[in-house]
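Me: I've got a model open and I'd like to learn how to read its features. Could you walk me through a few of them?

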Amino acid sequence: MKAKKIGRERSATARGLGRSRGGFSTKVVATASDENTALVVEVVPGPASDATRLEPMLDKTLDRVPVIDELDADKGFDGDQQRHACTARGVFANIPNKKNRVRPWAFDPVGYRERNRVERLIGKMKQFRRVDTRYEKLKTTFLGLIHLVLGFIKVKSKVNQKFNTT
């Protein structure tokens, strides 16, 4: 009986599903240059920590965009390991300090306002019902759907930009 439970848990994690009291959930973690352009997107189980994904996502983002001046992230990414990873790559980690931090790091509240661009991108993604409710069972299928939706968002922004300039 124990082997089945372990296999079931491993299967749910491989599908990008995390179990909590409310049921299964999924998080979409993204890096973006603006509200229409996602650079890197990952699907992680809902209760999983976002902070552990910072270094791999930062590396993937740096592969696509060679120079990043500033990384704006929420308090979930406030950890010395994450901040040192950003500093080692020459990126200013503009992350608000948690209240219990003994030695606060530098933080620019004006620059942090740019973080809402990623939130707007996620909001545009959630306008697609299939992304918002996640009907896909497999993580790869759901990630493919997210990439398709992000392509629609990018094309729509380009079309709107073309018609607004004329």
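Me: Let's begin with a helix. Which residues of helix 7 are buried?

Reply: One thing up front: this is a predicted model. Now the general idea: an α-helix has 3.6 residues a turn, so residues three or four places apart point the same way. In helix 7, the buried ones are Phe142, Leu145, Ile146, Val149, Leu150, Ile153 and Ser157.

Me: And what do the buried residues of helix 7 pack against?

Reply: Two strands and two helices: strand 2 (23–34) and strand 3 (37–45), plus helix 5 (116–126) and helix 6 (129–133).

Me: How many residues does helix 7 have, and how far does it reach?

Reply: Helix 7 covers residues 139–165, which is 27 residues. From first C-alpha to last it reaches 39 Å, close to the 39 Å you'd expect at 1.5 Å a residue.

Me: Okay, now pairs. At what angle do helix 2 and helix 3 pack?

Reply: In general, two packed helices are described by the angle between their axes and the distance between the axes. Here, helix 2 (residues 54–64) and helix 3 (residues 80–88) pack at about 20°, and their axes are 10 Å apart. Angles under 35 degrees count as roughly parallel, so helix 2 is roughly parallel to helix 3. As for handedness, helix 2 passes helix 3 in a right-handed crossing.

Me: Which residues make the contact?

Reply: Helix 2 brings Leu54, Glu55 and Leu58, while helix 3 brings Gln81, Gln82, Ala85 and Cys86. Sorted by class, that contact of helix 2 with helix 3 has four nonpolar, two polar and one charged residues.

Me: Let's try a single residue. Is arginine 19 buried or exposed?

Reply: The number to look at is the relative accessible area, where over 50% counts as exposed. Arginine 19 has 58%, so it is exposed. You'll find arginine 19 in strand 1 (residues 18–20). Setting aside neighbours within four places in sequence, arginine 19 is in contact with Phe24 and Pro47. Its C-alpha is separated by 14 Å from that of valine 43, and the two residues are 24 apart along the chain.

Me: Zooming out, how many helices and strands does the protein chain have?

Reply: Seven helices and five strands. Reading from the N terminus, the elements run α-β-β-β-α-β-α-β-α-α-α-α. The C-alpha atoms fill a box of roughly 60 × 50 × 30 Å along the principal axes, and 36% of the 166 residues count as buried.

Me: What share of the contacts joins residues at least 24 apart?

Reply: Among contacts between residues at least 6 apart in sequence, it's 45%.

Conventions
Residues are numbered from 1 along each chain as its sequence is written. This is a predicted model: local features need pLDDT of at least 70, side-chain atom pairs count only at pLDDT 80 or more; totals for chains, interfaces and linings use all residues. Side-chain values use heavy atoms; hydrogens and water are left out. Helices (H or I, at least four residues) and strands (E, at least two) are DSSP runs, numbered from the N terminus. The expected span of a helix is 1.5 Å times one less than its number of residues. Buried means under 20% relative accessible area, exposed over 50%, partly exposed in between (1.4 Å probe, protein chains only). Contact means heavy atoms within 4.5 Å. Axes are lines fitted to C-alpha atoms, for helices over the stretch in contact, and angles run from 0 to 180 degrees between N-to-C directions. Angles under 35 degrees count as roughly parallel, over 145 as roughly antiparallel, 65 to 115 as roughly perpendicular and the rest as oblique. A crossing is left-handed if the near helix is turned anticlockwise from the far one by less than a right angle, and right-handed if clockwise. Ala, Val, Leu, Ile, Met, Phe, Trp, Tyr, Cys and Pro count as nonpolar, Asp, Glu, Lys and Arg as charged, and the others, Gly among them, as polar.
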